[in-house]
Amino acid sequence: MGANLFSVTRRKTITNDEIVHIPAGYEYLTGRNFRLNPEHPPLVKMWAALPLLLFETQSSVPVEAASQSYAELSQDSALEFWRANFEHFKRISLWTRLPVILLTLVLGALIFIYGRQLFGARAAVLAVALFSLEPTMLAHGRIVHTDMAAALGYLLFVFVLHSYYRAPKFSHVLWFGLATGFALLTKFSLIVLVPIFIGTLLYVAWKAPRWRASRVQLGLGALTSICVVLALINAAYFFQHPKLALPEVETISGSTPAIAGNVFMAIDVFSKIVPTYYLFGIYTVFVHNHLGHPASLLGEYRTMGWWYYFPVAFALKTTIPFLLVSVSALAWAISRAIWAREERYILLLAAITFYVALSMTGHINIGVRHIAPVFPFLFILGGAALDRLLTAERARRYAMPLIVMLFAWLVIDTVRIYPNYLSFTNPLTFGKANWQVLSDSNVEWGEDIGALARYLHSKGETKLLGSLSGGWGTAEMYDLQLLDFAPRDLESASTRYVAIGAGFLNGSAMPPDLKDKAGNVLSEEQRQNYFAKYRSLRPEKIFGNSIYLYRRPE
């Protein structure tokens, strides 16, 4: 898996979000400026940017930074960073992804450790095999983002919670604090673990006699664990507790005027013990979720999402063998939890149910990657179910051939779609293109812009019209000029080629302020069908199933 992730990293362009994440991480380390990209905790971005400290790298923050909103500042700083480091673009892209690959391999190791503890070594090996061959893990296991780190953080939290609950020793409570702090620094959505963390500490202290310990002893351990969490979060922000910058104050007042006073009061109170921009980051996620995000599912368009989005996205974005294993393993685990009341099945099912239920109430439906924290538990249950087949008397004769066929199918799928794991959809789309059933990072995230540029350069072209995820930042790094937004009609193009990303072809990624020739803002339906004429055209070439290149008629 490590070799696969490394080889794909060398072939693919950084994604739309990495254009911002990598410069932000470097600025955190060198400039301590946490106004950049506050929507995500800094830990993963700083971890990825660590190698940049080993060679000369330029950091560029606009002079007018103090007056810019955090969104404008993040984008402008990112553009200045890449332009200042133009000659080192490919080196920076590679070296910042290596720490993320290492993090992904650590996740695989934890899947093995926890799987072995629960079900034995063979089940753990099978779980890791499922993990190593699943396209979603291969797609995001090399990307500088929070998704795989959140998967590691969530699994680590449950693993350590399980150990602490079984034996609340001081070493376990210390690890519980470390695991919780790490999880809270990977993704803001994992803030939901705080009530579970506090509740577990209180329950164990209350039921101290059950573990033959004193309440005072366990209470002091709980207090220590809480202090560890706070220390970790503060350390990630270099113990900074500044007042919010004026643009952030204006953002809160303008975005949520009805509750702005309460937000300011909460930030003022809690910033005494938690970094100011950690709190502001939680606020930005709250607002984003409250307002929703334009998305598409099975040809339907919504801003506030669908309650069934993630089950459907999971069914379409995973390989058929893993999908079958997951469904079968869940059914088997539910039966074991109900009839045998085995703690290990109850805990794994609770972890899956909790996170899926939380995700299904959200309004940001832009990628199966957002339920990455659920995958490790499915791998462990899948490995356990396959191991059970090998030991069941009735199925023993057929188990080994079945499992061999299953993994052969997985390997064939993994090889067949290499290196286009991010845009992968399985045969349950029934022949439809990926952009016809899903949108956003499920189908396009800018990672094929390098391939597009190489193809155009071979044709002697350096200029084109295009609508591409990440095109605003990486196109110029490949000496490719995106002159303007792609026109509705290919015939009216001012360049020989027009490139349209799958997300734009879908229609959900269209800018909300798009106007017609008369200057009128387009309606939502008009924006969704802006590129309708291209959908029936045959592209000259498709890159990674995510970028469609059309040639203007001579």
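Five strands form an open sheet in the order β4-β3-β5-β7-β6, with mixed pairing. The model is a predicted one. The edges of the sheet are β4 (481-482) and β6 (541-543), and each of these strands pairs on one side only. At one end, β4 pairs with strand β3 (residues 463-467). The pairing is parallel and runs over two bridges. One residue pair can be picked out here: K463 has Q481 in β4 as its bridge partner.

A helix covers part of this sheet. Helix α21 (residues 449-458) packs on the sheet and touches β3, β5 (497-501), β6 and β7 (547-551). The direction of α21 makes about 25° with that of β7.

Next come the helix pairs. Two packed helices are described by the angle between their axes and the distance between the axes. Take helix α5 (residues 89-119) and helix α18 (residues 375-391). Their axes come within 10 Å and cross at roughly 45°. That angle makes α5 oblique to α18, because oblique covers the angles left over once roughly parallel (under 35 degrees), roughly perpendicular (65 to 115) and roughly antiparallel (over 145) are set aside. The crossing of α5 with α18 is right-handed. On the α5 side, the contact is made by L107, I111, Y114, G115, L118 and F119. On the α18 side, P376, F379, I380, L381, A384 and D387 meet them. Sorted by class, this contact has 10 nonpolar residues, one polar and one charged. The polar one is G115, as Gly counts as polar here. The charged one is D387.

A second pair joins helix α8 (residues 147-166) to helix α17 (residues 343-360). These helices pack at an angle of about 145°, and their axes are 12 Å apart. Their crossing is right-handed. From α8, the contact takes in Y154, V158, H162 and R166. From α17, it takes in E343, L347, A351, F354 and Y355. By class, the contact of α8 with α17 has six nonpolar residues, one polar and two charged. The charged ones are R166 in α8 and E343 in α17.

The loops hold several local features. Start with the loop between α2 (18-31) and α3 (43-49), where N37 is found. N37 is not a glycine, yet its phi is positive, at about 45°. Is N37 buried or exposed? Its relative accessibility is 6%, so N37 counts as buried, the cut-off being under 20%. H40 lies in the loop between α2 and α3 as well. At 18% relative accessibility, H40 also falls under that 20% cut-off and therefore counts as buried. What does H40 touch, leaving aside residues up to four places away in sequence? Its contacts are H21, K45, H145, T146 and F188.

Now move to the loop between α19 (396-417) and α20 (434-437), which holds P419. A cis peptide bond joins Y418 to P419, with omega about 0°. F430 is found in the loop between α19 and α20 too. F430 has a positive phi of about 55°, although it is not a glycine. Its relative accessibility is 71%, so F430 counts as exposed, the cut-off being over 50%. The two non-glycine residues with positive phi thus sit in different settings: N37 is buried, whereas F430 is exposed.

Key
Residues are numbered from 1 along each chain as its sequence is written. This is a predicted model: local features need pLDDT of at least 70, side-chain atom pairs count only at pLDDT 80 or more; totals for chains, interfaces and linings use all residues. Side-chain values use heavy atoms; hydrogens and water are left out. Axes are lines fitted to C-alpha atoms, for helices over the stretch in contact, and angles run from 0 to 180 degrees between N-to-C directions. Helices (H or I, at least four residues) and strands (E, at least two) are DSSP runs, numbered from the N terminus. A crossing is left-handed if the near helix is turned anticlockwise from the far one by less than a right angle, and right-handed if clockwise. Contact means heavy atoms within 4.5 Å. Buried means under 20% relative accessible area, exposed over 50%, partly exposed in between (1.4 Å probe, protein chains only). Two strands pair if DSSP finds at least two bridges between them.
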